[in-house]
Amino acid sequence: MRLARGLASAPAALLAGWAHSLAIADPFTGQPHGWLQVLSLAALVWPLAALATGRALHPGAEGRARKSGWLRALWLGWLFGLAWLTGTFWWLFISMHTYGGLNAALAVAAVLALAGFLSIYYALACAAFVALASGQSTRQRPVTAALVFAALWTLAELARGSWFTGFPWGAGGYAHVDGALAFLARYVGVYGLGFVAAALAALLALSGDVRWRQARTMAGAVAVVLVAGGLWAWRSHDLGEGESAARSALTMDVALMQGNIPQDEKFVPGRGIVDSLRWYGEQLEANTAALVVGPETALPLLPRQLPQGYWEALAQRYQTPNQAALLGIPLGDMDTGYTNSVIGLAPGQTITYRYDKHHPVPFGE
């Protein structure tokens, strides 16, 4: 119980949230670590389960602890989310301060304010879990309790990506693009991956306070998930000759472009703009991949501002059969407004493909 009390402290919640951000992409290798995402989330669920019992954190005062448990859960969930999200998009400070000229203190405050606001979703999910759960349910029905937590956590993820600005960056499921759960991505998407990971984290956290019969149930549930993952992984690598040929027919050669144009020069006439137009023009002309994908605002000018014949040459280039391109470019005008968009170039198009970004950063973009 002393360990549960320690995990319910503010520093522990902040540390677990920071580890959660590292799980999505660590700063040393840029790689995701699904196991760390599960462990860091389990470190949050453990004190939440203790709060649900109403006894672990305040021995001898179960009624008072149970009544205030959801408030402490709200606080822990908010701190976890604050550290996680700050660690995910901390680089907005560079965008606002280094390139935007905003005062450093204000830039820090802006990043913390955004992370703090978005963390409210996870704070509410944690409070709801403690309010709905009980000591008896977490001990006797740990699988059900784990699924309840996973459902609430996933609802928080979905709300963050949809309500108000809709800012889904750094969702927990991104930590599993590689690893044991990666096979699920094509079936359930990033939020489904997050649900499964949250359920596993909750099962891990609840495993220390269950009876032997429930422990066997939990072990069986985890084993089913792992065996299913192993079978799908084996199936995807051990294909017969016919099935291997069919799988090959469904693959696509994709080229991802990223011009090394300094951010402070990207939109400067005669420097970054010229470099961008030249480099992307050369790459789009020479690349033979079936699909070529460029980043947002790869072409940093409106179409009508491009050099004469530039866009026409690109459109003609991608009339080649079996080739297409997706390219970021700003669109719009003073009357209709401006958008950060993607244009698709492909042979035989009757209507140009267009996608306008609708999840922008609330400030600084």
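**Exercise 1. Describe how helix α13 is placed, starting from its exposed side.**

Solution. E312 and Q316 are exposed on the other side of α13 from its buried residues; exposed means over 50% relative accessible area, buried under 20%, and partly exposed in between, with a 1.4 Å probe and protein chains only. The model is predicted, so local features need pLDDT of at least 70 and side-chain atom pairs 80 or more, while totals for chains, interfaces and linings use all residues. Residues are numbered from 1 along each chain as its sequence is written, and side-chain values use heavy atoms, without hydrogens and water.

Next, list the buried residues of α13 (residues 310-317): Y310, W311, L314 and R317. They lie on the same side of α13 because they cover an arc of only 125° around the axis, taken from the directions from the helix axis to the C-beta atoms.

Last, find the partners. The buried residues of α13 pack against α12 (272-286), β3 (324-333) and β4 (337-345). Helices (H or I, at least four residues) and strands (E, at least two) are DSSP runs, numbered from the N terminus.

**Exercise 2. Compare two aromatic pairs by geometry and position.**

Solution. Start with the rule: rings of Phe, Tyr and Trp (its six-membered ring) pair if their centres lie within 6.5 Å; planes under 30 degrees apart count as stacked, over 60 as edge-to-face and the rest as tilted. The count by this rule is 13 aromatic pairs.

W84 and Y122 form a tilted pair, with 4.8 Å centre to centre and 55° between the planes. W84 belongs to helix α4 (residues 62-88) and Y122 to helix α6 (residues 104-132), 38 residues apart. Both W84 and Y122 are buried.

W91 and W169 form a stacked pair, with 5.4 Å centre to centre and 20° between the planes. W91 is in the loop between α4 and α5 (92-99) and W169 in the loop between α8 and α9, so this pair ties together parts 78 residues apart in sequence. W91 counts as partly exposed because its relative accessibility is 37%; W169, at 24%, also counts as partly exposed.

To finish, place W84 and Y122 in a wider group: ring pairs link F80, W84, Y122, F129, F149 and W153 into a cluster.

**Exercise 3. Locate F164 and state whether it is buried or exposed.**

Solution. F164 sits in the loop between α8 (142-160) and α9 (185-206). Its relative accessible area is 68%, so F164 is exposed.

Note on methods. Contact = heavy atoms within 4.5 Å.
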